[in-house]
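Work through the exercises below with the sequence and the structure in view. Each task is followed by a stepwise solution.

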Amino acid sequence: MPLIVETIVTTRAKSGQVHVAPLGLIEAGDHWIIAPFSPSTTLDNLRENPCAVANHVDDVRIFAGCLTGRKNWPMKRAEKVDGAVLKAALSHWELKVERLEDDDVRPRFHCRAIYRAGHKPWTGYNRAQAAVLEAAVLVSRLKMLPREKVESELEYLQIAISKTAGEREEEAWGWLMEKVEAWRETV
């Protein structure tokens, strides 16, 4: 199983519009693979402008926000690619697409990191932050997973939230649970 790094990927359309999305980057030797589902804005942007920025953040509200319509996070221009860096990023990688493995469901963009920068020290995730990340993955797949799995996973993750969450994690968890409640009404 390959290493997957959960990150916030920013891509820019030719129009200049920046898109912010949580994605797991897949390690493949000295490359990183971005594999967005089709259809998606990330996919469209990568086809138009074959570069991206992987933003490594400790504010898990950004992961939750991206999945709940809260995508207006402060940004600055990237150094080497036509992209944007989140101001909240502890570090970032600027990625250039070198090869596309096309697929109808989930194309794979093989990217090389052409620039890396550190901005602030990372002290690691606490259990609540890790729980928010896992809940964000669940929320991104609500239409694909059985209800029983979603419910049992959320019940377990709630333990970490109740024991170790700070204000940011509680806010992020609340946003995700709003999305889950809306989903529950449809299934």
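**Exercise 1.** Which backbone oxygen does the side chain of T7 reach? Place both residues in their strands and state whether they are buried or exposed.

Solution. The model is a predicted one.

Step 1. The side chain of T7 reaches the backbone oxygen of N55, at 2.6 Å.

Step 2. T7 is part of strand β1, residues 4–12, while N55 belongs to strand β4, residues 51–56.

Step 3. Buried means a relative accessible area under 20%. T7 has a relative accessibility of 0% and therefore counts as buried. N55 is also at 0%, so N55 is buried.

**Exercise 2.** Where does the side chain of N55 make a polar contact, and what surrounds T7 and N55?

Solution.

Step 1. The side chain of N55 reaches the backbone oxygen of V53 at 3.4 Å.

Step 2. Setting aside residues up to four places away in sequence, T7 touches A21, P22, L23, L25, A54, N55, H56 and F63.

Step 3. With neighbours within four places left out, the contacts of N55 include T7, I8 and T10. Among the others are A84, V85, L86, A89, S91 and H92.

**Exercise 3.** At roughly what angle do the axes of α3 and α4 cross? Classify the pair and describe the contact.

Solution.

Step 1. Helix α3 covers residues 127–140 and helix α4 residues 147–164; their axes come within 8 Å and cross at roughly 155°.

Step 2. Angles over 145 degrees count as roughly antiparallel, so α3 is roughly antiparallel to α4.

Step 3. The crossing of α3 and α4 is left-handed.

Step 4. From α3, the residues in contact are R127, A128, A131, V132, E134, A135 and L138. They meet V150, E153, L154, L157, I159, A160, I161, K163 and T164 of α4. By class, this contact of α3 with α4 has eleven nonpolar, one polar and four charged residues.

**Exercise 4.** Repeat the analysis for α3 and α5: how do their axes cross, and which residues make the contact?

Solution.

Step 1. The axes of α3 and helix α5, residues 167–184, come within 10 Å and cross at roughly 20°.

Step 2. Angles under 35 degrees count as roughly parallel, so α3 is roughly parallel to α5.

Step 3. The crossing of α3 and α5 is left-handed.

Step 4. On the α3 side, the contact is made by A128, Q129, A131, V132, A135, A136 and V139. On the α5 side, E169, A172, W173, L176, K179 and V180 take part. By class, the contact of α3 with α5 has ten nonpolar, one polar and two charged residues.

Methods
Residues are numbered from 1 along each chain as its sequence is written. This is a predicted model: local features need pLDDT of at least 70, side-chain atom pairs count only at pLDDT 80 or more; totals for chains, interfaces and linings use all residues. Side-chain values use heavy atoms; hydrogens and water are left out. Helices (H or I, at least four residues) and strands (E, at least two) are DSSP runs, numbered from the N terminus. Buried means under 20% relative accessible area, exposed over 50%, partly exposed in between (1.4 Å probe, protein chains only). A polar contact is a pair of N or O atoms within 3.5 Å; within protein, one must be able to donate a hydrogen and the other to accept it, and residues adjacent in sequence count only if both atoms are side-chain atoms. Contact means heavy atoms within 4.5 Å. Axes are lines fitted to C-alpha atoms, for helices over the stretch in contact, and angles run from 0 to 180 degrees between N-to-C directions. Angles under 35 degrees count as roughly parallel, over 145 as roughly antiparallel, 65 to 115 as roughly perpendicular and the rest as oblique. A crossing is left-handed if the near helix is turned anticlockwise from the far one by less than a right angle, and right-handed if clockwise. Ala, Val, Leu, Ile, Met, Phe, Trp, Tyr, Cys and Pro count as nonpolar, Asp, Glu, Lys and Arg as charged, and the others, Gly among them, as polar.
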